[in-house]
Amino acid sequence: MRPPPADHSEFSPRQPVPRPVRLLLSLVILVYLTGVIIAPLSGPPPASELSQLMLQPFRPLLGALYLGHGYRFFAPNPGPGHSLRWTITMPDGSTKAGSTPDAKTDWPRLLYHRRFMVPEKLAALVPPVDAPPEIRARARGDWLPLVKGVAGNLLRTHGGDRITLELIEHYLPGPDEVAEGRSGPDMITPLGTFARGGSSGRFGGSLPQAEGATPRR
Amino acid sequence: MTMITPFDRSPTGQGSFRGWLADWAEAWNGFWFTAADPLPLAVIRIATGAILSWACVVWLLDADAFFGPRGWLAPGDVWRMNDQPWQWSWFFAADDPTAVRVLGGIMLVAAVLLTLGLATPLAAIVSLLGLVSAANRAPLNTFGLDDTLGMLLISLVVGPSGSRLSLDEKILGAGQGRGAASVRANVALRLLQVHLCVVYFFSGAGKLFGASWWEGTALWGAAANLQYQTLDLTGLARHPLVVNAITLATLFWEVAYAALIWPRLTRPVFLAMAVAVHLGIGLAMGMMEFGLAMIVANLAFLQARTPTRTDFA
């Protein structure tokens, strides 16, 4: 077996690089590329225990250079889109409703996409409301602190006192349904109601809807 | 009958394991330590700098939400989304809106200087530090664009990306071999090429888990997703075989990219597919910056040579 062709002909003749420099550079290149490969090999799941073990010494390098990516774009399947639906109670008692992202107001498109990533990433942590209660209870510790931050940001942005948040998983219609002009119901997962907690800027949260909700599809 | 093993034949004629190793070392040295024209790197620098500048402007449009202490993600909760303490960020030090804007402004200035090619080595390093800081501070808001920009910027830091098509070149002139083919330029381009192959390989391999990719319907899943949609492709509902063909072609292209981008025969086809796929994603799914960044990364595979006087003689 021979190495792949180096395609030298596209390049100028080889320049003399002293052997020690070549060896050192080769080592650096090998370490770097091993890190680049180890990152997607070790996640997202499924991933082997071996790759997880091999990842450990590379964590400082991958973290420092922002290289720890899985590169699973639209994999394993392109899934449904998500958004956050919110209702904010303003200081005067009036309410304001909206969603994140909002294609009408989140412009330019890159700003829309940055905001769109918030519900997309939360959706990976929040089990659907019809998931077994023990799974929902276990997951809550992961997503609740993040949702509190999201609630706080929306209250700060809109100047509200209280916010109710729902995660919407938008129904992804099949070709037949689109051809027939049909669609299906979205799946709604209540995330809770959160109130501004005084002048400290901290936010307290309660989950009345999340506790007693049933799936609305 | 004699079995021929890979060790039996060697271009060096040594016909041994040592000969085989020598062949590999020769190929390795040829691959990495050959001088390359820095022109492609300069083009990549300009395009990357422009995309990064735009990305910085957009970060700054809502800087408090992305990087501020009371933004989408509290500084104390960042560890829940990424690998702390390794995923550092200079925005962790910003505890008021002014500091957030100053640090965001530094990112933007560095990105503009990178585009222009002014103080390029420093601009490339600060741009990379800024991108890493932004992405590590706001993991709730990042996506493939940030991964790609990081990959591009590392190559721009490594290579002499400001030696051509830059204000540095205008100011400092082309003396002392500046702008000439160099091993540094080659290493930077090779790093980008190999990294890109890793990206496509894992992206393609991940899709092989998905039934919709095997069934040839995955394109529909992207086209019918209204949260992504910027171009209405739902008319494809009446053309399932077209959806099948595009889905399977995309899957084959991505899975095979790491192997078939290297031979000269297949390289133009794979580069053309890259442009089609990424422009398609950009136009139809509203991720033009991501699509353009991936196309820019593919420029590392384009043959380029700076014209010399003899070319015009």
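Which domains does the domain assignment give for chain A? There are two entries to look for: domain 1 (17-64) and domain 2 (82-212). Try finding them in the structure above, keeping in mind that this is a predicted model. The C-alpha centres of domain 1 and domain 2 of chain A lie 37 Å apart.

**Getting to know chain B**

Now hop over to chain B. Reading along its sequence, you meet helix after helix, in the pattern α-α-α-α-α-α-α-α-α-α-α-α-α-α. That comes to 14 helices and zero strands. Here are some numbers for chain B as a whole:

| Property of chain B | Value |
|---|---|
| Box filled by the C-alpha atoms, along the principal axes | roughly 75 × 60 × 45 Å |
| Share of the 313 residues that count as buried | 47% |
| Mean pLDDT | 92 |
| Residues with pLDDT of 70 or more | 91% |

How far apart in the sequence are the residues that touch? Take the contacts in chain B with a separation of 6 or more: 73% of them join residues that are 24 or more positions apart.

**How far to trust it**

The model scores ipTM 0.90 and pTM 0.90. For chain B, the mean pLDDT is 92, and 91% of the residues reach 70 or more. Residues 1-8 of chain B are a spot to watch, since their pLDDT is below 50. Beyond near neighbours in sequence, that stretch has seven contacts in the model.

**Where the chains meet**

How many residues of each chain are in contact with the other? On the chain A side there are 68, and they touch 74 residues of chain B. Several helices of chain A supply at least two residues each to its side of the meeting place: α1 (19-41), α3 (59-64), α4 (109-123), α5 (133-158) and α6 (175-179). Sort the chain A side by class, and you get 38 nonpolar, 18 polar and twelve charged residues.

**The nonpolar core**

Next, look at the largest nonpolar core, which has 120 residues. The residues with the most contacts inside this core are Leu131(B), Leu149(B), Leu152(B), Leu192(B), Ala293(B) and Ala297(B). Which helix gives the most to the core? That's α8 of chain B (residues 183-207), with eleven residues. Chain A joins in too: domain 1 (17-64) and domain 2 (82-212) each provide at least three residues of this core.

To see some of this packing for yourself, zoom in on Ala297(B). Leaving out residues up to four places away in sequence, Ala297(B) touches Thr148(B), Met151(B), Leu152(B), Leu192(B) and Leu196(B). Two of those names, Leu152(B) and Leu192(B), also appear among the core residues with the most contacts.

Technical notes:
Residues numbered from 1 in each chain as written. Chains lettered and ligands numbered in written order. Predicted model: local features only at pLDDT ≥ 70, side-chain atom pairs only at ≥ 80, totals over all residues. Helix = DSSP H or I, 4+ residues; strand = E, 2+ residues; numbered from the N terminus. Buried ≥ 20, exposed ≤ 12 C-beta atoms within 10 Å, placed from the backbone. Contact = placed C-beta atoms within 7 Å. Nonpolar A, V, L, I, M, F, W, Y, C, P; charged D, E, K, R; others polar. Core = buried A, V, L, I, M, F, W, Y, C linked by C-beta atoms within 7 Å. Domains from an automatic or database assignment. pLDDT = per-residue confidence, 0-100.
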